Every structure is written in structure tokens, then in C-alpha cells.
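This report examines a single protein chain, beginning with its strands and ending with its nonpolar cores. The sequence and the structure are shown below.

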Amino acid sequence: MRVLGVDPGLTRCGVGVVEGVPGRPCTLVAYYVVYTDPADDLALRLLHLDRSLTKLVAEHQPESVAVERVFSQHNVRTVMGTAQASGIAVLAGARAGLPVQTYTPSEVKAAVTGSGQADKAQMTAMVTRLLRLAEPPKPADAADALALAICHVWRGGTRSKLAAAADRARRGGAR
């Protein structure tokens with residue numbers, strides 16, 4: 001399964017692509033950070049993010065997209081930008097006809113490190129180890145996006161298989 005993970009942000013949006021199957025190590029395909037200039041008009045920043053994510057989805061042909069779910073922050077301006085970037089990421093996946101799953105930061109941390117309370121350094125170290133990289137992916141936004149993709153392979157892949165089995169059972173029972 002190939003997954004494109006997105007750590008949404010309006011100034012820095014991390015994107016990571018991995019391949020793998022539940023219960024096995026994942027393989028790095030690529031990672032990026034899409035930057036927008038805070039001095040630019042909001043509409044132009046969102047358009048740049050949309051075009052960049054659409055291009056990366058087309059280039060890497062993932063089977064699904066994993067996006068970090070926006071959570072409450074004290075800084076309303078920051079959460080608004082993150083929410084807008086998150087919406088663009090969800091849209092990029094949906095526009096390509098892909099299933100899109102969102103995960104909270106604690107779900108990703110628990111899947112990748114075993115602890116929902118892991119800090120950025122622990123997350124980056126585990127992503128580096130799990131993907132067998134010579135050095136940590138930088139900046140942290142890229143490592144976070146890769147963690148989202150790994151989380152989806154390990155958790156979402158199982159979730160998707162269970163949903164498909166339940167759907168088959170419902171259709172089989174209705175005959």
C-alpha cells in the first residue's frame with residue numbers, strides 16, 4: 001500500500017510518501033515540504049498549496065491519503081491556517097478519488113512510538129529508524145508527514161481491510 005501523508009500547515013506543509021503493509025516495516029518513497037510566503041494573499045497561498053499537493057498526488061499515485069486532524073490550539077490564527085491547509089489536503093485526495101483518513105497527533109505518536117505523549121525528537125528518531133534512513137528527515141514537518149503515512153499503513157490498512165470485509169459480509173447477507 002502506498003500512502004501520502006500530510007502534516008498540514010499554511011507556511012510549511014509536510015508531505016511524506018511511504019509504501020508498506022500492516023505489521024511490516026515501511027519503505028520511504030519521498031518527502032517534501034511545501035512552503036508559502038506569509039506575506040502573500042491567503043487565496044494565493046491556498047492555491048499554491050492545492051496545486052502542489054495535486055501535483056504530488058498525481059506524481060506518486062498513492063492508494064490513500066492520511067492527514068493530521070486539526071486539534072484545538074490556543075492561537076486561533078495558527079489553528080485557522082492549519083485547518084485551511086488540512087481542507088486543501090483532504091480535497092487533493094478526494095479530487096483524485098482516493099480514500100482520505102485523518103489522525104490526531106496522539107494517534108500518530110502512539111502508532112509510531114508506542115506513546116501518545118512522544119515529543120518531536122522521539123517522533124523524528126522513530127521515523128528515521130522505522131524507515132531505515134541514514135539521517136533524520138528535515139524539517140520536522142517532513143518527519144511528521146512520514147509518521148502520518150506510517151500510521152495509516154499500520155492502522156488505516158487494517159481499518160480498511162476490516163471495513164471491506166464488513167461490506168462484503170453485508171452484501172453477501174443481502175443476497
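## Strand pairing around S1

Strands S1 and S2 run antiparallel and are joined by 6 bridges. The model is a predicted one. A hairpin of 4 residues leads from S1 to S2, and within this pairing Val6 has Val15 of S2 as its bridge partner.

S1 also pairs with S4, in this case in parallel, through 4 bridges. Here Val3 stands opposite Ser64 of S4. Of the 6 residues of S1, 5 are buried, so the strand is largely enclosed by the rest of the structure.

## Annotated active-site residues

The unreviewed UniProt entry carries an "active site" annotation that covers Asp7, Glu68 and Asp141. These residues span 135 residues in sequence, yet no two of their C-alpha atoms are more than 11.2 Å apart, so they gather at one spot. The same unreviewed entry also places a "binding site" annotation on Glu68.

Glu68 belongs to strand S4, which covers residues 64-68. Its relative accessible area is 17%; because the limit for a buried residue is under 20%, Glu68 counts as buried. Beyond its neighbours within four places in sequence, Glu68 is in contact with Val6, Asp7, Pro8, Ser86, Tyr103, Pro105 and Leu148. One of these partners, Asp7, is itself covered by the "active site" annotation.

Asp141 is located in helix H5, residues 140-173. With a relative accessibility of 12%, Asp141 is buried as well. Setting aside residues up to four places away in sequence, Asp141 touches Asp7, Arg12, Gly14 and Val33. Asp7 is thus in contact with Glu68 and with Asp141.

## Helix H1 and its surroundings

Helix H1 comprises 19 residues, 42-60. From its first C-alpha to its last it reaches 27 Å, close to the 27 Å expected at 1.5 Å a residue. At the N-terminal end, Asp41 acts as a cap, with a side-chain oxygen 3.2 Å from the backbone nitrogen of Ala43. Just after the helix, Gln61 adopts a positive phi of about 50 degrees.

Which residues of H1 are buried? They are Arg45, Leu46, Leu49, Asp50, Ser52, Leu53, Leu56, Val57 and His60. An α-helix has 3.6 residues a turn, so residues three or four places apart point the same way. The cover over the buried residues of H1 includes strands S1 (2-7), S2 (12-19) and S3 (27-35), together with helix H2 (76-95).

## The loop at Ala118

Ala118 sits in the loop between helix H3 (105-113) and helix H4 (120-130). Is this residue buried or exposed? Ala118 is buried, with a relative accessible area of 3%.

Not counting residues up to four places away in sequence, Ala118 touches Lys109, Thr113 and Met123. The C-alpha atoms of Ala118 and Ser106 are separated by 8.2 Å, and the two residues lie 12 residues apart along the chain.

## Nonpolar cores

The largest nonpolar core has 22 residues, of which Val18, Val108, Val112, Val127, Leu131 and Ile150 touch the most other members. Helices H3, H4 and H5 each supply at least two residues of this core. The largest share, 7 residues, comes from H5.

Val18 offers a view of the packing within this region. Leaving aside neighbours within four places in sequence, Val18 is in contact with Met1, Arg2, Val3, Cys26, Thr27, Leu28, Val29, Leu131, Leu146, Ala149, Ile150 and Val153. Apart from this core lies another, of 19 residues, including Val17, Val65, Ile88 and Ala89.

Note on methods. Residues numbered from 1 in each chain as written. Predicted model: local features only at pLDDT ≥ 70, side-chain atom pairs only at ≥ 80, totals over all residues. Heavy atoms only, no water. UniProt positions renumbered as here; feature names shortened; annotations may be inferred. Buried < 20%, exposed > 50% of the residue type's maximum accessible area, 1.4 Å probe, protein only. Contact = heavy atoms within 4.5 Å. Expected span 1.5 Å × (residues − 1). Polar contact = N/O pair within 3.5 Å; in protein donor to acceptor, adjacent residues only side chain to side chain. Core = buried A, V, L, I, M, F, W, Y, C linked by side-chain atoms within 4.5 Å. Pairing = 2+ DSSP bridges.
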